[in-house]
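Here are a few exercises to work through with the model open beside you. Try each task before you read its solution.

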Amino acid sequence: MEKLEHIGIAVKNLDESNLLFAKLLGKAHYKIEEVPSEGVRTSFFELGGIKIELLEATNFDSPIAKFIEKRGEGIHHLAFEVVDINRSIQVYSEKGFHLLNEQPKPGADNKQIVFMHPKSTNGVLMELCEEKK
């Protein structure tokens, strides 16, 4: 892992949350993007070299909708930048971490992503991400 790339926060209403976080951080979001494969609409803020990603479900059975239904709004995941996502998948699998997908998939903000199951990371959903080349 190279660095903490972003913190993902599940929200019920992206537009309202954008206003709240703009007020809180003193700056507007810089990007809104939909990721249909994940059933999510995202918004990004940048602060001190770390991004905050707000995630709103676009359908009732998306992972974010299920997360909010079960736990409410709040921190959803921590994302770490990696240099080679395919190699990272192999390394973390060999170390015994349970990955939710065996192949990288497209994520927001021009990334390839893979998630580690929270049961193997002390209850925290971890994302590994690599900038698409």
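**Exercise 1: the largest pocket**

Task: find how much space lies in the largest pocket, and what lines it.

Solution. Start with the volume: the largest pocket holds about 630 Å³ of space. A pocket here is an open set of points on a 1 Å grid over the protein atoms alone, where a 1.4 Å probe fits, with protein on both sides within 12 Å along at least five of seven lines; lining residues have an atom within 4 Å of a point. The volume is the space filled by probe spheres set on those points, joined across faces, edges and corners.

Before going on, note that this is a predicted model: local features need pLDDT of at least 70, side-chain atom pairs count only at pLDDT 80 or more, and totals for chains, interfaces and linings use all residues. Residues are numbered from 1 along each chain as its sequence is written, and side-chain values use heavy atoms, with hydrogens and water left out.

Next, the lining: it has 31 residues, and Pro 63, Ile 64, His 76, Phe 115 and Leu 125 lie nearest the centre. α2 gives the largest share, six residues (helices are DSSP runs of H or I, at least four residues; strands are runs of E, at least two; both are numbered from the N terminus).

**Exercise 2: the sheet**

Task: work out the strand order and the edge strands.

Solution. Read across the open sheet of eight strands: β2-β3-β4-β1-β5-β8-β7-β6, with mixed pairing. Strands pair if DSSP finds at least two bridges between them. At the edges sit β2 (31-35) and β6, each pairing on one side only. Finally, β7 and β8 (residues 126-131) run antiparallel over six bridges, and Met 116 stands opposite Met 126 in β8.
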